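Dear colleague,

I am passing on the structure we talked about, and you will find it just below. Please have it open while you read the notes that come after it.

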Amino acid sequence: PAARGQRGRAMAVGSEQGGPRAPAPGQQLRALFYALPPAESSFRSLEEVPDYVEKSIPFFITFIGLEFAVSWIQKRKLSGRINDGISSLSLGILSRLPDVLFRSVDLVSYIYVWNNYRLFELPWDSPWTWYLTLLGVDFAYYCFHRMSHEVNILWAAHQVHHSSEDYNLFTALRQSVLQKYTSWMLNLPMALFIPPSVFAVHLQFNLLYQFWIHTEVITKLGPLEWILNTPSHHRVHHGRNPYCIDKNYGGTLIIWDRIFGTFEAEDAKVVYGLTHPVNSFDPIMLQLRPLTHIWNTFWATPGFCNKLSVIFKGPGWGPGKPRLGLPEEIPVITGKEVPFNPIVPAYLNCYAVVHFAVIVDLYTELLATVTTLSQGTVLLRIGFIILSLASFGLLMENKSKAGILEIIRCLVFIGVYKLGYFRSQFSFLGYAYEV
C-alpha cells in the first residue's frame with residue numbers, strides 16, 4: 001500500500017523487490033513531453049510505476065528559470081510577477097495538502113472498479129494497450145475539462161486555474177483543491193479493461209505534458225499544431241477575449257477539440273484571466289469565493305428548477321438565458337486591461353519571497369517525513385502552512401491587517417519550532433529560521 005505521505009501521487013510505492021525503479025534523468029525529461037515509448041514505460045504492477053511527477057520537479061524549476069531568461073532576452077521583461085507567482089505556487093501547495101492525509105481518489109476508485117468489476121484484462125506489456133490508454137486518458141480529460149467550464153459547480157473549482165492574469169509556467173502549478181474529487185469519475189470506464197499500472201503511467205504523463213505548454217516564449221510548432229495541444233492553443237484556452245471563451249479543452253492532444261467543434265486558433269493578442277477578475281492573491285479566498293457566489297445565487301434565484309440550473313448549467317446562465325449564457329454579455333477586451341497589481345514596497349516583496357521559501361522547505365520536509373510523524377503533528381504543520389499561504393496573499397495585496405496576521409504567524413512559528421514540531425531539511429538553517 002502507498003505510504004500516507006505519498007497518497008496523492010499517481011503511483012503506489014514499496015514493492016517487495018525494493019520499490020519502483022527510478023527513471024533515469026533522460027527519461028524524466030522526456031516524460032514531460034510524453035516522449036517515453038511503451039517499451040520504456042510499461043509495468044506489470046502498480047508498485048513498479050515510478051513517480052514521474054516527483055522526479056520531474058528539478059526540471060520544473062529549471063524550465064521556470066529558463067523561461068525567465070528567454071523572456072528577458074526576447075522582451076526585456078520577466079515572464080511573471082512576484083505576487084502572482086507566489087499566488088500560483090501557494091495554490092499549488094494548497095491543492096496538494098489533502099494528499100498528505102489521503103490516497104489519490106483517482107487511483108483508489110480506479111483500483112476498486114478494476115478489482116471488482118473489470119470485464120476483461122488487456123495485456124499490460126502490449127504497445128496497443130499503451131496507445132489505447134493514451135487516447136482514453138486524454139479523451140476523459142477533454143470531457144471532464146469541458147464539463148468544468150460548462151457546469152457551474154465544477155467551474156467553481158476549476159476557475160482557480162484560470163484566475164491568474166499572467167501566463168507562464170507558474171500558472172501550470174495553480175490548481176484547485178476540490179477539482180480532483182470529481183474528475184476521477186470520467187476515468188472509471190477504462191478500469192473495466194485497462195490495468196491500473198498502465199493507467200497510472202498515462203495519468204502522470206498527461207499531467208506532466210500540460211506543464212510546459214503554459215508559456216508565451218514558445219510561439220508556433222508547425223505541423224504539430226494539428227495534433228498536439230501546444231502553447232499557442234493553450235494560450236487561447238486561458239484567454240478572456242470573447243473568441244477564447246470555452247475553447248481548446250485538450251490535455252495532450254488537440255484532436256478532440258477539432259472533432260467536437262471547440263477548437264480555436266490563436267489570433268488577436270490574448271488577455272489572460274477570468275472574464276470578471278477576482279483581484280486577489282489570497283489562496284483561500286480564490287478557492288472558496290466562487291462557491292460562496294453559487295450559494296448566494298442559489299438562494300436568491302426563484303423557482304426550484306432555476307435553483308438547480310444555478311448549480312448545473314453554465315456560469316453565465318441566468319433565468320431566460322441559454323444554458324451557457326449569452327455571448328454578448330462577455331466583457332469586451334480593449335487591449336488596455338491592467339492586471340491586478342497593488343503597489344508593495346520592494347522590501348516586502350523580498351520578505352515574502354524569503355518566507356515563502358521557508359514554507360516550501362517545511363512542506364517538502366513534511367512530505368519526506370510524514371510516515372514518521374504523529375497525526376497531530378501532521379495536522380499542525382498543515383494548519384501552519386495554510387495560515388502562512390493566506391498571510392502571504394494578504395501581504396501581496398497590501399491589506400491593512402496583513403501585518404498583524406504576519407506577526408501572529410511568526411510568533412506561532414517560533415513557538416512550534418522551538419518545541420520541535422517543525423524542522424528544516426537543512427539542519428544548518430535552523431538558527432537562520434529563528435532569526
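The notes below take up the surface, one helix and the aromatic rings in turn.

Please keep in mind throughout that this is a predicted model.

On the surface, Ile-153, Phe-304, Leu-308 and Phe-312 together make a nonpolar patch of about 400 Å², and the largest share of that patch, three residues, is supplied by helix 15, which covers residues 304-312. Phe-304, which is found in this helix, has a relative accessible area of 62% and counts as exposed, because the cut-off for that term is over 50%.

Helix 4, made up of the 15 residues 82-96, reaches 21 Å from its first C-alpha to its last, which is close to the 21 Å expected at 1.5 Å a residue. Helix 4 is mostly covered, with 12 of its 15 residues buried, and among them are Asn-83, Asp-84, Ile-86, Leu-91, Ile-93 and Leu-94.

As for the aromatic rings, the count comes to 26 aromatic pairs. One of these joins Tyr-112 and Tyr-117 edge-to-face, at 6.1 Å centre to centre and with 65 degrees between the planes; Tyr-112 is itself partly exposed, at a relative accessible area of 47%. Elsewhere in the list, ring pairs link Tyr-34, Tyr-52, Trp-130, Tyr-131 and Phe-205 into a cluster.

Finally, there are arginines placed over rings: Arg-118 lies over the face of Trp-114, at 4.4 Å from the ring centre, and Arg-258 lies over the face of Phe-263, at 4.0 Å from the ring centre.

With best wishes

Terms used: Residues numbered from 1 in each chain as written. Predicted model: local features only at pLDDT ≥ 70, side-chain atom pairs only at ≥ 80, totals over all residues. Heavy atoms only, no water. Patch = residues over 30% accessible without salt bridge, like charges linked within 9 Å, V, L, I, M, F, W, Y side chains within 5 Å. Areas by Shrake-Rupley, 256 points an atom, 1.4 Å probe, with all protein chains shown as cover. Salt bridge = Lys/Arg side-chain N within 4 Å of Asp/Glu carboxyl O. Helix = DSSP H or I, 4+ residues; strand = E, 2+ residues; numbered from the N terminus. Buried < 20%, exposed > 50% of the residue type's maximum accessible area, 1.4 Å probe, protein only. Expected span 1.5 Å × (residues − 1). Phe/Tyr/Trp six-rings, centres within 6.5 Å; stacked < 30°, edge-to-face > 60°. Lys NZ or Arg CZ within 6 Å of the ring centre and 35° of its normal.
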